[in-house]
Amino acid sequence: MTVKIIKKRVETIQINDLIDSVKENPRIIECGAIFSFEGIVRGKDIEKNTIKMDLTTPNLEETQNELQEIVEQIKEKHGVVEIAVVHYIGQFIPGDPLFLAVVAGAHRQETKAALNDVIERVKYELDFKKEEHTEDGTNIIMSGG
């Protein structure tokens, strides 16, 4: 199972790498669905244009452990076979990947529900700080933003 928080440029994992990693699970033969999500930096919004973004966490090890716990809880709750997640930290520009998630399960319903839980829980429960540098200044967004 791949569950990592990675500093940008230290290691590069792409969505296809995560799909391949879940397919390595010997139980993949029980699966009928793989869903994936790639969250990227949005550069243009109704109210602002983001030039760059800094994403940090105050305690990398603690956040990594919390991510692992979230993944294990979701796996058990939905009964899916495999979940792989990578969340990057560092400095980003629009279009850069920030968050990758892949879920493999027996049926599309529980697999899609598990992916949605991963996306929402990571966004709202992990301690990340975003600094969006826009044409009008810097906006600081704490977890859940």
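In the predicted model, T2 touches L18, S21, I83, A84, V85 and V86, when residues up to four places away in sequence are not counted. This residue lies in the segment before β1, the strand that spans residues 3-7. T2 counts as buried because its relative accessibility is 18%, and the cut-off for a buried residue is a value under 20%. With respect to E120, T2 is 118 residues away in sequence, and the two C-alpha atoms are 19 Å apart in space.

Two of the residues touched by T2, namely L18 and S21, are also among the buried residues of helix α1, which covers residues 15-23 and whose buried set consists of I15, L18, I19, S21 and V22. When the helix is seen down its axis, these buried residues fall within an arc of 160°, and they therefore line one face of α1. In general, an α-helix has 3.6 residues a turn, so residues three or four places apart point the same way. The buried residues of α1 pack against three strands, which are β2 (33-40), β4 (82-92) and β5 (97-105).

The loop between β1 and α1 contains R9, a residue that has a positive phi of about 75° although it is not a glycine. In contrast to the buried T2, R9 counts as exposed, because its relative accessibility is 70% and the cut-off for exposed residues is a value over 50%.

Further along the sequence, L55 is found in strand β3, which is formed by residues 50-56. L55 has a relative accessible area of 3% and is therefore buried. If neighbours within four places in sequence are left aside, the contacts of L55 are with H87, Y88, I89, G90, F92, L98, F128, K129 and K130. L55 and I140 are separated by 85 residues in sequence, while the distance between their C-alpha atoms is 9.9 Å.

Strand β6, made up of residues 129-134, includes T134. This threonine counts as buried because its relative accessibility is 9%. Apart from neighbours within four places in sequence, T134 is in contact with K48, N49, T50, I51 and N139.

Taken as a whole, the protein has three helices and seven strands, and these elements follow the pattern β-α-β-β-α-β-β-α-β-β when they are read along the sequence. The radius of gyration is 16 Å, which is close to the 15 Å that the globule rule gives for 145 residues, so the protein is as compact as a globular protein of that length. Taken along the principal axes, the box filled by the C-alpha atoms is roughly 50 × 30 × 25 Å.

Of the 145 residues, 42% count as buried, and the protein exposes about 8200 Å², of which carbon and sulfur atoms supply 47%. Among contacts between residues at least 6 apart in sequence, 71% join residues that are at least 24 apart. As for the charges, the protein carries 18 positive and 26 negative ones, and the mean positions of these two groups are 4 Å apart.

How values were computed: Residues are numbered from 1 along each chain as its sequence is written. This is a predicted model: local features need pLDDT of at least 70, side-chain atom pairs count only at pLDDT 80 or more; totals for chains, interfaces and linings use all residues. Side-chain values use heavy atoms; hydrogens and water are left out. Buried means under 20% relative accessible area, exposed over 50%, partly exposed in between (1.4 Å probe, protein chains only). Helices (H or I, at least four residues) and strands (E, at least two) are DSSP runs, numbered from the N terminus. The arc is that of the directions from the helix axis to the C-beta atoms. Contact means heavy atoms within 4.5 Å. The radius of gyration is taken over C-alpha atoms; the globule rule is 2.2 Å times the number of residues to the power 0.38. Accessible areas come from the Shrake-Rupley method with a 1.4 Å probe; for residues, only the protein chains shown count as cover. Lys and Arg count as positive and Asp and Glu as negative; His and the chain ends are not counted. The place of a charge is taken as NZ of Lys, CZ of Arg, CG of Asp or CD of Glu.
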